Amino acid sequence: MNTFTLLLIVGPLLALLIVGGAIAYVKTRNNKQLPPVHRESLPTGYGAEDSTPDGEWAEVGEEVSPELPAGGEAIAGHPGVDVPESVPSRMQRLRARLANSGGLGKALLGILSRGDLSPADWEELEDTLLMADVGLDATTEILENLRTAVKVAGPDADLRELLRSELLAAVSIDKDRSLNLTGKPSTILMVGVNGTGKTTTTGKLARLLVAEENTVLLGAADTFRAAAADQLGTWGERVGVEVVRSDREGADPASVAFEAVKQGSDNGVDVVIVDTAGRLQNKAGLMDELGKIKRVMEKTVPTSEVLLVLDATTGQNGMTQAKVFAEAAGITGIVLSKLDGTAKGGIVISVQRELGVPVKFVGLGEGADDFAPFDPENFVDSLLS
C-alpha cells in the first residue's frame, strides 16, 4: 500500500476523531452542574478524650424526604434561592391561623358565658384545662385565681378579660425568650426525640435567622440517617446557607459539630446551628453523647443555646422527654412544633413550669415560613379571639 492510499484511509478517521472530541467537550461545558451543597469528609479524633458511649440508636421517626415545603420569594438573579418571610409578617399570619383553629379558648369561653357558674361548670373548666395539657398544678392555680376574680368583679365582670389575664399570667415566665446571639459565632444545638420534626425545625430556624439578616451555617450532626443531611442540605440551598456534613454514614457526630463551629468561626459566620440525631430519652448512652457533642463544640466557642424541639401534641409524655433532655444537655429554650392542634396548647404552660425555661419558638403548619418567635400575648389573644 503506497503512502497516498494510506493517507486516504487514515485522514478521514483522524478528522472524525477530532470532530467527535470537540462535540463532546462542548456538551460537557454546557451540561456542567452548579457545585453541590458543601460536603466535607471530616477527620476523626476531635474530642478524642470523650469516647462515644455505646448504645442503640432509636428508630427513625422523623420525615425522610429532603424536599422543602413551598415558601419564600426567589431572589432575582439567584434562581432557587428564597427571600424568607419577615418576622412581623409571620407573626400576623400565625396569629390568624391560631385563632381560626379554635380549641382551648373557645371551650373555656363557652363555659364562662353561661353566667353564674355551678360546681359542674367549674368542674368542666378543670377538665378542659387538663385535657389541654395545662397540668394539674397550673390548672388548680388558674381556677382558684379565676374564682376569686369573678367574685370580686361581680355580675358585670368581663369574663373574657378575666380569663385572658389568668391565662397570660400562666403562660408568662420570668426568662428572656430571645435567642442569645452574643457570640461570634453564636452556636445553637438542636436536640429532641425522633419524630418531632427536629431537622425541619432546624431548617426553618435558619430561614428565620436569614430573614433577620444573619449569616448562618448548618451542621448536619445526624450522621446515622443519611436522609437527614440531604434534607438539611435542601433547606440550606434554598436560602443560600452552607451545610457542613460528613460523607461517611455513621461518622462521629461530635466531629461534624466541631468542624461546623470551627468553620463558622474561621469564616466569620454569625450563627452556627447543629442538628443532632433524634434519640429516645431512656437511652442513657445516647443522652450522654449529647453532652459530648456540646463539649466538643465548646472547644471553639461557648454554646449559646440548646433548644429542645417538642411535638406539642404529645402532651404529658413530652414532659417526661423534656426533663431528661434538660438534665443531659442543659437546655436553654423550647421549640414547640405542630402547635396547630390548639386543644393541646396548654403544654406551653406546663413545660415552662416544669423546666423553668421559656418556649422561644413555635411551628404552626407545614409551610417553610410557618415558624415564628413565641409571644405570650399573641398566643393568648389568638386563643380567645
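**Exercise 1. Work out how confident the predictor is in this chain, and which stretches stay under a pLDDT of 50.**

Step 1: Start with the average. This is a predicted model, and the chain averages a pLDDT of 78. At least 70 is the score reached by 76% of the residues.

Step 2: Look for the weak stretches. Among them are residues 22-67, where pLDDT stays under 50, and residues 74-78, where pLDDT also stays under 50.

Step 3: Check what the model does there. It has 81 contacts beyond four places in sequence for residues 22-67, and 5 such contacts for residues 74-78. Don't lean on the fine print, though: where pLDDT is low, the predicted coordinates should not be read in detail.

**Exercise 2. Take stock of the chain: how many helices and strands are there, and what share of the residues is buried?**

Step 1: Count the elements. You'll find 13 helices and 10 strands.

Step 2: Now burial. With buried meaning under 20% relative accessible area, 49% of the 385 residues make the cut.

Step 3: See how far contacts reach along the chain. Take contacts between residues at least 6 apart in sequence: 79% of these join residues at least 24 apart.

**Exercise 3. Trace the open sheet and find which helices pack on it.**

Step 1: Put the strands in order. The sheet has 8 of them, running 5-4-6-3-7-8-9-10, with mixed pairing.

Step 2: Find the edges. Strand 5 (242-244) and strand 10 (371-373) each pair on one side only. On average, neighbouring strands are turned by 25° against each other, direction ignored.

Step 3: Zoom in on one pair. Strand 3 (residues 186-191) and strand 6 (residues 271-276) run parallel, joined by 5 bridges. In strand 6, Val-271 is the bridge partner of Ser-186.

Step 4: Add the helices. Helix 7 (residues 198-211) packs on the sheet and touches several strands, including strand 3, strand 6 and strand 10. Its direction makes about 170° with that of strand 6. Helix 8 (residues 226-238) packs on the sheet too, touching strand 4, strand 5 and strand 6; the direction of helix 8 makes about 170° with that of strand 4.

**Exercise 4. Find which residues touch the most other members of the largest nonpolar core, then follow Leu-336.**

Step 1: The core holds 96 residues, and those touching the most other members are Ile-188, Leu-205, Ile-273, Leu-336, Val-351 and Phe-379.

Step 2: Skip the neighbours of Leu-336 within four places in sequence. Its remaining contacts include Leu-310, Ile-347, Val-359 and Phe-361.

Step 3: Fit this to a general trend. In soluble globular proteins, nonpolar side chains tend to be buried together.

How values were computed:
Residues are numbered from 1 along each chain as its sequence is written. This is a predicted model: local features need pLDDT of at least 70, side-chain atom pairs count only at pLDDT 80 or more; totals for chains, interfaces and linings use all residues. Side-chain values use heavy atoms; hydrogens and water are left out. Two strands pair if DSSP finds at least two bridges between them. Helices (H or I, at least four residues) and strands (E, at least two) are DSSP runs, numbered from the N terminus. Axes are lines fitted to C-alpha atoms, for helices over the stretch in contact, and angles run from 0 to 180 degrees between N-to-C directions. Contact means heavy atoms within 4.5 Å. A nonpolar core is a set of buried Ala, Val, Leu, Ile, Met, Phe, Trp, Tyr and Cys residues joined through side-chain atoms within 4.5 Å. Buried means under 20% relative accessible area, exposed over 50%, partly exposed in between (1.4 Å probe, protein chains only). pLDDT is the predictor's confidence in each residue, from 0 to 100.
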